[in-house]
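Me: Please take a close look at one part of this model, the packing of one helix against another. Add what can be said about the parts around that contact.

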Amino acid sequence: MDEPIPVTQSIESLYPDANFPAQQKRWQNLMAHFEEKYGKRPLFVARSPGRVNLIGEHVDYSLFEVLPMAISTDVLVALALLDEEEDRKGGDDKAVITMLNTNSHKHRASECTIPREGRAEIDATQHEWASYFKAGFNGAVGLLRRGNANFSPRSMQILVDGNVPAGGGLSSSAAFVCASALAVLRAHGREPVMKKELVELAIVSERE
């Protein structure tokens, strides 16, 4: 049965007891980093865990059955919307997304300007970390436009922190796309976000 994505005010329930102190410090660093870079606290943090497939591998994205299990490593996307005055500085016809990563030495800052009636452009020839956020953004905006053909996205400031090992078979890219899409949906008033709709749009978005 389909269920809504849970919303929590405490991170204690998200991690095993033994891992909680380290994760608490990580979240505190994320919030402090966001405030340092943007001069304000985020509206919320969207989270998506990595996972392992106990049965089945590399078949789930073709909709074959697998037996997955979430793990404690995850991707966090902290987000703030620009206020209306700031949002319109770049013009009424475009939104600006500023994307930062807590691991700034490896993942440089990125910014993209998006037509309010369009999509984020992704250069498939370049392997850039920000492309995963753009993929989630495009999937979320597509879903929102199915409910409102006149929907246009707001300008956003985001900060990403992830500790799912890339290339380790733990679905780091899927976690990134899911967390990004969830953040965009919630920022634009989609509540609740259902698990099935998020998974379905993330599958399509990551492929694109």
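Reply: What follows describes one helix pair, then another helix and a single histidine.

This is a predicted model, in which local features need pLDDT of at least 70 and side-chain atom pairs count only at pLDDT 80 or more, while totals for chains, interfaces and linings use all residues. Residues are numbered from 1 along each chain as its sequence is written, and side-chain values use heavy atoms, with hydrogens and water left out.

The pair is α3 (residues 130-147) and α5 (residues 195-207), whose axes come within 9 Å and cross at roughly 125°. Axes here are lines fitted to C-alpha atoms, for helices over the stretch in contact, and angles run from 0 to 180 degrees between N-to-C directions. Helices are DSSP runs (H or I, at least four residues), numbered from the N terminus. The angle makes α3 oblique to α5 (under 35 degrees is roughly parallel, over 145 roughly antiparallel, 65 to 115 roughly perpendicular, and the rest oblique).

On the α3 side, Ala135, Gly139, Ala140 and Leu143 meet Glu197, Leu201 and Ser205 of α5; contact means heavy atoms within 4.5 Å. The residues of this contact divide into 4 nonpolar, 2 polar and 1 charged (Ala, Val, Leu, Ile, Met, Phe, Trp, Tyr, Cys and Pro are nonpolar, Asp, Glu, Lys and Arg charged, and the others, Gly among them, polar).

Helix α4 (residues 172-187) is mostly covered, with 14 of its 16 residues buried (under 20% relative accessible area; exposed is over 50%, partly exposed in between; 1.4 Å probe, protein chains only). Just after α4, glycine 189 has a positive phi of about 85°.

Histidine 33 lies in α1 (residues 20-38) and counts as buried because its relative accessibility is 17%. Setting aside neighbours within four places in sequence, histidine 33 is in contact with Asn101, Thr102 and Leu159.

Technical notes: Helix = DSSP H or I, 4+ residues; strand = E, 2+ residues; numbered from the N terminus.
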